[in-house]
Amino acid sequence: MFLTELAGKMVVNLQDGEVLGDVGDADLLIDETTGEILSILMPVKSTLFNRWFDRSYLTIEWSAVRKVGKEVIVVDLGQDHSPLW
C-alpha cells in the first residue's frame, strides 16, 4: 500500500462508531529504518479554545488498526480515548 492511498480515508473507531477525522489531516509517525507506519497522529476537532493555542492530537497506534477499506480505516481504541496535548 502506498502512502497516497491512505489520504482521503476517514478514520472510524470500531467500539463506538465515532468518526475521528480524515487521514489527510493527520500526521504519520514512520520508522525511518523500516518504513513501517508506527502511529497516526490525528488532530482533535477544533474548539474555540484550541483554535488559539496548541492543537491537541489523538495518537492511534498502528497496532490498533483493524481494517483499511476503500473509504474508511477502522481502528479499535475502546470507548475511552482521549487526546494528547
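Let me start with Arg66, which is partly exposed, at a relative accessible area of 48%. Keep in mind that this is a predicted model.

What does the side chain of Arg66 meet in a salt bridge? The partner is Asp76, at 4.0 Å from N to O. Asp76 is partly exposed as well, with 26% relative accessibility. The count for the model comes to 1 salt bridge, so this is the one to look at. Arg66 sits in strand β6, residues 65-68, and Asp76 in the segment after β7, which spans 72-75; the pair therefore ties together parts that are 10 residues apart in sequence.

Now the strands themselves. β6 and β7 are joined by a hairpin through 3 residues. The two run antiparallel, with 3 bridges between them. Within that pairing, Lys67 is found opposite Val74 of β7.

β7 also pairs with β1, residues 10-13, and here the sense is parallel, over 4 bridges. One position to look at is Val11, whose bridge partner in β7 is Ile73.

Which side chains of β7 are buried, and which are not? Ile73 and Val75 point to one face and are buried. Val72 and Val74 point to the other face and are not buried. In a regular strand, side chains alternate between the two faces of the sheet, and β7 shows that alternation along its residues.

To put the pieces together: β7 pairs with β1 in the parallel sense and with β6 in the antiparallel sense. The salt bridge then links Arg66 to Asp76, the latter lying in the segment after β7. That is what I have on this region.

Key. Residues are numbered from 1 along each chain as its sequence is written. This is a predicted model: local features need pLDDT of at least 70, side-chain atom pairs count only at pLDDT 80 or more; totals for chains, interfaces and linings use all residues. Side-chain values use heavy atoms; hydrogens and water are left out. Buried means under 20% relative accessible area, exposed over 50%, partly exposed in between (1.4 Å probe, protein chains only). Two strands pair if DSSP finds at least two bridges between them.
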